[in-house]
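User: Please pick one part of this model and look at it closely, starting with how its burial is judged. After that, I would enjoy a connected walk outward to the rest.

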Amino acid sequence: MTGDRAGTEHPTDDPVDRSTPRATPQAARPSVPDDGGPQSPDPRRWKALWVCLVAGFMTLLDVSIVNVALPSIQKGVDATPSDLQWVVSGYALAFGLTLVPSGRIGDVLGRRTVFVVGVVLFGLASLGCGLAPTSALLVVARLVQGAAGGILNPQVSGLIQQLFRGPERGRAFGLLGATIGISTAVGPVVGGVILDGLGEQSGWRWIFFVNLPIAVAAVVLAMRWLPAPPVRDHSRRIDADPVGVVLLGAGVLGILLPVVETGRGGAGVPWWVAVVGLAFLGAFFGWERSYTRRGRSPLVDLALFRVPGYASGAAVGTIYFAGFTGIFFVLTIFFQERLGYTPLLAGLAVTPFAAGSAVTSAIGGRLVNRFERSLVTGGLVIVLVGITAVDVVLATVHDSSLGWWLAGPLLVAGIGSGLVISPNITLTVAKVPVERAGTAGGLLQTGQRIGTAAGIALVGAVFYSGVAAGAGLDASAALRVAAALVAGALLASALDLRGRHRREGRAAGAPEAGGRRSASP
């Protein structure tokens, strides 16, 4: 419950536990507890959720909406394959690196304030992307756009933790999971519609301009419906851990550079740069431990990984996003470059994944409390079956009917994906304290976004590997890499499920064993 003040209209963002409720004058409107407790739920919580989901949808849509426009972008700004990968993975990387600091700042300053700042910056960066005259400037604008997405998104998961409790929280996270899955999957369709209506030559610029009215509406509605920021406690400092941000960014960038730059041709970036990246990551974790021992607030709160279910859920999410997001990168380009599909047809060809994910994401949010990790594990099995079937069809069908043949396998993969994303989010943050919800949600999404960047870099490198040798795009090999990553997520989830069963077995056997001992002479 929050420490509310008489006559305060909006809830605060700084939760403080109270053992007993405080009486409120009859004339005053009761304030709403930050934890979204059942005694006094915020009457605006569902409106606030929809504002957050629309803004989150906008930022996550931009992860994949550019996929269908990549051939047009390549022609429009004379981009190399490496540039195209940076347009996609650079966005995800910048997104991921700003999530945790932004979650922490939102916990202190108020989530509405940081949310609005992120939306405004995202709108301005979208304008810069649409106006970019060169591939270099487009990549820079995409980096800023990704950072803006990272600023506003942890506020969404933090607000869900703040405003909802019990079964309502499961439904809210189910809607968030549906938003994540649908936005990523439907992006190529939206991009295809825009390109088909406005032309491929300049239509790709409008996939960025379309964000502007959404950003304006989100700001206006956020100021109306999101909880007002708390009175600033100046004794509570904001520690963004800039050294940690730099070390993590250098480490991830060092690992990605040799992979992505293989698409540029020539010598590229030497592979020893990846070793330097690993060294930076080692330095990052050493710094975080030292930073924590000094009583500071680290970028990665290592204590969160001791919260039951958090470490395993974060690992599953990171690996899974590395696998499934690469599918759209590969297929939307392959359909256009090899089969001559229009951008709209290429986008429609992956729609079955979006349809399947839309249905089961909402269902998964309702079933997660009953089936828990078993639901996620089963969903990953279904996704892997679907991707494997996509690879089989891709190897046997080589004409323009391929899109129809892939509809079934992509639908199966989408059905499985909906059972993975939202339930995994719910399980991962279920036992995280509300006052650390923004940081925990930001860290979780950091893994997902870094996984997306790494997965697209790896899948893209394999996809373009045959171009330099004159063999063309290798979609089958790229899809097998994506399938291997999904299999890795399945293994992580299965190991966690096995560990849970063992712990439950020991917990169930303890009283019985104690009873036998007490009965002995």
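Analyst: Happy to! A residue counts as buried when its relative accessible area is under 20%, as exposed when that area is over 50%, and as partly exposed in between. Please keep in mind that this is a predicted model.

Let us take Asp83 as the starting point. Asp83 has a relative accessibility of 10%, so it falls under the cut-off and counts as buried. This aspartate belongs to helix α3, which covers residues 81-109. Looking back along the chain, Ile73 is 10 residues away from Asp83, and their C-alpha atoms are separated by 9.8 Å.

Asp78 sits in the loop between α2 (70-77) and α3. With 66% relative accessibility, Asp78 counts as exposed, whereas Asp83 is buried at 10%. The backbone of Asp78 deserves a glance too: its phi is near 55°, a positive value in a residue that is not glycine. For context, most residues other than glycine have a negative phi. Glu372 also has a positive phi, near 50°, without being a glycine. Its place is the loop between α13 (351-371) and α14, and its relative accessible area of 35% makes Glu372 partly exposed.

From Glu372 we can step to the charged pairs. Side chains of opposite charge can pair when their charged atoms come close. This model holds 4 salt bridges. One of them joins Asp496 and Arg373, with 3.1 Å from N to O. The two partners are 123 residues apart and tie together distant parts of the chain, with Asp496 in helix α18 and Arg373 in helix α14 (residues 373-396). Both Asp496 and Arg373 are buried.

Another salt bridge brings together the side chains of Asp62 and Arg142, at 3.7 Å from N to O. Here the partners are 80 residues apart and again link distant parts of the chain, Asp62 lying in helix α1 and Arg142 in helix α5 (residues 135-163). Asp62 has 0% relative accessibility and therefore counts as buried; Arg142, with a relative accessible area of 0%, is buried as well.

Helix α1 also contributes Arg45, whose side chain meets that of Glu168 in a salt bridge of 2.9 Å, N to O. This contact spans 123 residues, from Arg45 in helix α1 (residues 45-64) to Glu168 in helix α6 (residues 166-198), so it connects distant parts of the chain. Arg45 counts as buried, at 12% relative accessibility.

Now to the aromatic rings. A pair of aromatic rings is described by the distance of the centres and the angle of the planes. The structure has 17 aromatic pairs. Among them are Trp46 and Phe164, an edge-to-face pair with 4.8 Å centre to centre and 65° between the planes. Trp46 is in helix α1 and Phe164 is in the loop between α5 and α6, so this pair, too, links distant parts of the chain, 118 residues apart. The partners differ in cover: Trp46 is partly exposed at 27%, and Phe164 counts as buried at 1%. Trp206 and Phe209 are also edge-to-face, because their planes stand at 80°, with the ring centres 5.0 Å apart. These two are 3 residues apart in helix α7 (residues 200-209), which means about one helical turn between them. Trp206 is partly exposed at 44%, while Phe209 is buried with 15%. Elsewhere, Tyr320, Phe321, Phe324, Phe328 and Phe353 make up one aromatic cluster.

Let us finish on the surface. Trp272, Val275, Val276 and Phe280 form a nonpolar patch there, together offering about 400 Å² of accessible area. Trp272 lies in helix α10 (residues 272-293) and is exposed, with a relative accessible area of 57%. A patch of positive charge also appears on the surface, gathering Lys431, Arg498, Arg502, Arg503 and Arg506. Within this patch, Arg503 belongs to helix α18 (residues 475-519) and is partly exposed at 46%. Helix α18 is also home to Asp496, the buried partner of Arg373.

Conventions. Residues are numbered from 1 along each chain as its sequence is written. This is a predicted model: local features need pLDDT of at least 70, side-chain atom pairs count only at pLDDT 80 or more; totals for chains, interfaces and linings use all residues. Side-chain values use heavy atoms; hydrogens and water are left out. Patches are made of residues with over 30% relative accessible area and no salt bridge: like charges are joined within 9 Å, nonpolar side chains (Val, Leu, Ile, Met, Phe, Trp, Tyr) within 5 Å. Accessible areas come from the Shrake-Rupley method with a 1.4 Å probe; for residues, only the protein chains shown count as cover. Lys and Arg count as positive and Asp and Glu as negative; His and the chain ends are not counted. The place of a charge is taken as NZ of Lys, CZ of Arg, CG of Asp or CD of Glu. Helices (H or I, at least four residues) and strands (E, at least two) are DSSP runs, numbered from the N terminus. Buried means under 20% relative accessible area, exposed over 50%, partly exposed in between (1.4 Å probe, protein chains only). Rings of Phe, Tyr and Trp (its six-membered ring) pair if their centres lie within 6.5 Å; planes under 30 degrees apart count as stacked, over 60 as edge-to-face and the rest as tilted.
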